[in-house]
Amino acid sequence: MLIGMFAILPVTVLAALKPGPPFVRLDKNDAMVIVADLQVGLYQVARDFDTITYRNNMLAHTAIASLFNIPIVLTTSAETGPNGPLPNEIASMYPSAPLIRRNGEVDAWDNAEFRAAVRAQNKSQIILAGITTDVCTEFLALSLRAEGYTVFANTEASGTFTEKLARDANQRMVDAGVILQGVFAIVMDLMRDWRSTPGSREVLPWLDRYLPAYGYVARAHGAAVLNGTLAPGEEGLLG
């Protein structure tokens, strides 16, 4: 009797399945990056990360565009005041990319020059990060969603005063249909397949630089292949 019940269970479960929400994938041919107010002054108020990790996340977010050869638009807010300019490491990555220096608008989308720069890229997917999460990222993400863009907010490269503010901002963005992702997920979704171009050959060195936790996975494997010998007891661990 039990055997019969288990035999029909898979069919019953399959019949009950209903399609869920669509899996919205990043497409490197339809995506662009926005750097919103990742400025040297504002960096100091991003206190929901430790300073070293957050600096690395900002640089990684910016470098996604060059890894996948996708467009990037940079913008700053009142950079001649306490917000300061973009870090040299970010500004020097894309000396010829659009850099919109806003002198008053809090939401970058309120600036006509910025709107024109984004629209000129002719992409529907936007990978976004800014300081602060609850203003520069959230306000712009909501404005972009209202315009019909698909927005991927990089939660690792957006920072704010407290973790609570980040959680509240992320919830509001999710409620508006913004997709929250970190650096690794963004890169993996853009790549799709390690055999792609860019793929393993390009992405592993990039990860080693910007996400060393995974870079060292590749280093450990390489070291094992080139130099490794099995220690006593390891044979049984390998199947």
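## Asn111 and its surroundings

N111 is a buried residue, with a relative accessible area of 9%, in this predicted model. The residue belongs to the loop that runs between strand 3 and helix 4 (112-120). When residues up to four places away in sequence are left aside, N111 touches I100, R102 and E105.

Two polar interactions involve the side chain of N111. One is a polar contact of 3.2 Å with the side chain of E105. In the other, a polar atom of the N111 side chain lies 2.8 Å from the backbone nitrogen of F114.

## The R102–D37 pair

R102, one of the residues touched by N111, also takes part in a salt bridge with D37, at 2.9 Å from N to O. This pair links distant parts of the chain, with R102 in strand 3 and D37 in the loop between strand 1 and helix 2, 65 residues apart. Both partners fall below the 20% limit that defines a buried residue: R102 has a relative accessible area of 1%, and D37 stands at 2%.

## The parallel sheet

Strand 3 is part of an open sheet of 6 strands, arranged in the order 3-2-1-4-5-6 with parallel pairing. Strand 3 (99-102) and strand 6 (179-181) occupy the edges; each has a single partner strand, so one side of each has no neighbour in the sheet. From one strand to the next, the twist averages 25°.

Strand 1 (residues 31-36) and strand 2 (residues 72-77) run parallel and are joined by 4 bridges. Within strand 2, V73 is the residue that stands opposite I34.

## Helices packed on the sheet

Helix 2 (residues 51-68) packs on the sheet and touches strand 1, strand 2, strand 4 (125-130) and strand 5 (150-154). The direction of helix 2 makes about 145° with that of strand 1.

Helix 5 (residues 133-146) lies across strand 1, strand 4 and strand 5. Relative to strand 4, helix 5 runs at about 165°.

## Further salt bridges

The structure holds 10 salt bridges, among them one between D189 and R25, whose closest N and O atoms are 2.8 Å apart. D189 is located in helix 7 (residues 183-191) and R25 in the loop between helix 1 (2-16) and strand 1, so this pair ties together parts that are 164 residues apart in sequence. The two partners fall into separate accessibility classes: D189 is buried, at 7% relative accessibility, whereas R25 is partly exposed, with a relative accessible area of 31%.

A further salt bridge joins the side chains of R55 and E89, at 2.8 Å from N to O. R55 sits in helix 2 and E89 in helix 3 (residues 88-91), so that distant parts of the chain, 34 residues apart, are linked. R55 counts as partly exposed at 38% relative accessibility, and E89 likewise counts as partly exposed at 34%. Elsewhere, salt bridges with shared partners join R25, D189 and R192 into one network.

Technical notes. Residues numbered from 1 in each chain as written. Predicted model: local features only at pLDDT ≥ 70, side-chain atom pairs only at ≥ 80, totals over all residues. Heavy atoms only, no water. Pairing = 2+ DSSP bridges. Helix = DSSP H or I, 4+ residues; strand = E, 2+ residues; numbered from the N terminus. Axes fitted to C-alpha atoms, helices over the stretch in contact; angles between N-to-C directions. Contact = heavy atoms within 4.5 Å. Salt bridge = Lys/Arg side-chain N within 4 Å of Asp/Glu carboxyl O. Buried < 20%, exposed > 50% of the residue type's maximum accessible area, 1.4 Å probe, protein only. Polar contact = N/O pair within 3.5 Å; in protein donor to acceptor, adjacent residues only side chain to side chain.
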